[in-house]
Each structure stands twice: as structure tokens, then as C-alpha cells.
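Work through the two exercises below with the sequence and the model at hand, and attempt each task before reading its solution.

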Amino acid sequence: MRGFTTKIVHSDRLGGIEHGSLHKPVHATVAYGYKDAEDLAAAFQGRLAGYTYGRQINPTVEALQTQVSAMEGGLASVCFGTGMAAIGTLLFALLRRGDHFVSSAFLFGNTNSLFASFATHGLEVTFVDATDVRQVAAAVQENTKLAFVETIANPCTQVAALAEIGELCRRRGLVYVVDNTMTSPYLFLPRDVEASLVVNSLTKYVGGHGTALGGAVTEMGAYDWPGFPNIYDTYKGADPRLWALTQIKKKGLRDFGAALAPEAAHHIAIGAETLALRMERQCASAMALAQFLDRRPEVGKVFYPGLPRHPQFERAAGLFRHPGALFSFELDERLDIWAFMNALRIIVKSSNLGDNRTLAIPVAHTIYYEMGPERRASMGIDDSLIRISVGIEDIDDLLGDLDQALASVAG
Ligand SMILES: *Cc1c(COP(=O)(O)O)cnc(C)c1O
């Protein structure tokens, strides 16, 4: 069994590419021509493995799907134009009107908005504190089909009861969807906690360079799809483990068209080659910066699963290779959050996370603004909360930048 980076770096080449090209080329095409009309028909009917139309299939995107499956240790993957498209298409393809699902209440803001939209379109959702498996268990109803959690939540870094929820889902026959974006397959394999399907926003750590949006759903092969009532007969192929992914691809991706562009797939595949190297450095820096801020009088609470005071410190240590490259902190309420932000010289005032550059954002006033003060309060998001996504800069420069910005507002 080869190591994580060896597998990724050699994944394209082992497929054998024309001219011995080491990278899968960008196949900038929408359609595929056939010499033989019967073959064209066979490809469309699924009797011949072949290319049909760019909305569902492209060789460059397929190469990335192979990479993602290798990273997650999954059976197969489907890529999408964004992480949101991956989540939305997955739920759209697998759930029907009247179905219920349980979701962690600590969610990426746009996923929260998406689930609220699904609720108005006839799916039932219950939000629970997923750090506690008992709350998830108590929310399960007769019509519950699925549970959705993130590994480390945004922005307050709660760590879901990942293993316990996996066990609950197996016992109750629920589809277990884990959004692995915040940890990435380098820090954590949801396969180890019995996830059925794994979601990744490739926009973040996997791509890493902030140059392309993308998302993926990976089938882990653990769920008993013949026992799931929502699979259409047309998608029940020879291998039942692939029924759901086929439906997500054929029904979801084809109907909605949230396809990943081949150029974006190429950017992301190159970024993925250095995922482990970047993560090692970003996580080490996140730990150093979180510890630094934790000691500062100008700073209130620091939220980072690598600090022993974090409520899920031990769970994170048991599950993840490192406790992540993102943390949040509350600036002392007597200090001006805007003056502090504007004093930063290297750290960029920006949304996004997982970039090579360190990014800072006042979350209540930006990405969590629309959800309103009540829901923010229920998620523990204070107006003074600043989220830092740690990049790959030299640690002394980052420490120096935070130090001078704190000194400038406190002085
Ligand atoms: C960013 C993010 C998404 C959505 O990804 P996009 O590629 O921006 O659409 C989903 N889940 C989590 C945890 C994220 O951080």
C-alpha cells in the first residue's frame, strides 16, 4: 500500500496518457464523436464504457475523480462545479418529498442556507448538536433517511461525534454523509467512522491555491443500497454498491448540470499533489498561532481543537492526524474589531479557507450575517469573532503580523 502523496502524484501517469504526458491533459470538449453509430448508441445506453456529453463526463474530470477516490480510500467519486453543488445534488438525487434528515446545527453558512431551502421544498430537516450522539439519536424519526455532519465545524471548530454517529447510522439503516472539507482526506478518512458518502469542497484544501472552485462526492461502499427505497430501477446496475453514486451522477448531475469544468479539474489536480505538504505546515502554524493568541490579554476565547481546553480536544486527537489549519478567536470586547482587522499587513482580509495565503474574516458581519443574530447566538458566533484560515507563509511573519496588529489596537 503506497503512501498518501505517492498515490496522488503518480495517479494520472499510471492510467497511461498519450505521448507519456505526466499530467492528464485538459480535454476542452463538450461532445465526443464515434466512428460507429452503434457504439454511440451503446455508450448512451450504458452498454459500452464511453463518453457521452460534457455535462456528465470528461476525461480530465475523470482523472480528478480517480485522485479523489484514491485520497478518500473510496470506491468511486463524482465531481461537481462547487462544493455546494456536490451537497445539493447529493440530497436532491437521494431524498424525496416527505423524507426527513438530521443535520449538525454547526454548519458551513451556505450549507445551512441550502438545507433551509430544501425544507421549504418538502424535505424535513432537524438541526441538532452533533457533538453529542444522543441528540442525533433523539432526532431520528420513522421517515429519517440520512444524517449529515461536518468533521470540524465552521467557525467555532466543534468536532462532531463522528464515530458514534457512524455506529448509530449503521444500526438505524441511515445514509451517513460526512463533509470532510475542513479536515481533508489527509487529516481524516471518514471511511474509518463508517461514512456512506463523503463530500469534499475541492475549492479549499484539496485545490489549495484559491484558483478554482470544485466539489466531489465519494462512495465508500459501506451502505446497503438495495435496502434504500429511493433508488430508481434504471440505476440498479450490476454492483449495488454503486447504485446511489450512479443516481447522483445520472439523475442529479445530468438534471442540474452543476458540472466541473476540465480547466478547473486540472488546477485542482495539480493542487492536490501537494495537499499533504501544505497541510503539515498549515496545521503546525495554526497550532503556534492559536497558542500565541490564547496567551494574549487582548484576546478572549480561542476556538481550536488543538488546545487542551477545547471541549472535543481528545476526540480530535483520536480521530485526526492534526487538529486542522483553521481557528477562530474573540477579540476583547473593549477593542475595535475593525481597527484590528485593518492593522493586519500580511494576513488578507478575505473569505474562503484552505488558501496558501492566511485569510482573516469577521464572521458575524460577513459570511454569517444573513442568518441573523438569533441563529448566530445559537451557533456561538459573537460579533467579536474573527476566523483565521492559516496559509503556508513563514510562521515568524504570521506571528509578527498578529502581534503588531494587537499592539496597535491595545495601545
Ligand atoms: C466551502 C465549504 C463548502 C462549499 O464549497 P464551495 O466549493 O465553496 O461551494 C461546503 N462545506 C464546507 C465545510 C466548506 O467549508
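**Exercise 1: the sheet**

An open sheet of five strands, with mixed pairing, has the order 8-9-12-11-10; determine which strands stand at the edges, each with a single partner strand.

Solution. Begin with the terms: strands are DSSP runs of E with at least two residues, helices are runs of H or I with at least four, and both are numbered from the N terminus, while two strands pair if DSSP finds at least two bridges between them. Strand 8 (299–303) and strand 10 (348–349) each have a single partner strand, so one side of each is left without a neighbour in the sheet. Next, follow strand 10 to strand 11 (residues 359–362), to which two bridges join it in a parallel run; Lys349 has Ala360 of strand 11 as its bridge partner.

This is a predicted model, in which local features need pLDDT of at least 70, side-chain atom pairs count only at pLDDT 80 or more, and totals for chains, interfaces and linings use all residues. Residues are numbered from 1 along each chain as its sequence is written, and side-chain values use heavy atoms, with hydrogens and water left out.

**Exercise 2: helix 4**

Establish how many of the 14 residues of helix 4 are buried, where buried means under 20% relative accessible area with a 1.4 Å probe, protein chains only.

Solution. Helix 4 occupies residues 59–72, and eleven of its 14 residues are buried, which leaves the helix mostly covered. Among the buried residues are Val61, Leu64, Val68 and Met71. Finally, look just beyond the helix, where Gly73 takes a positive phi of about 65°.

Terms used. Expected span 1.5 Å × (residues − 1). Buried < 20%, exposed > 50% of the residue type's maximum accessible area, 1.4 Å probe, protein only.
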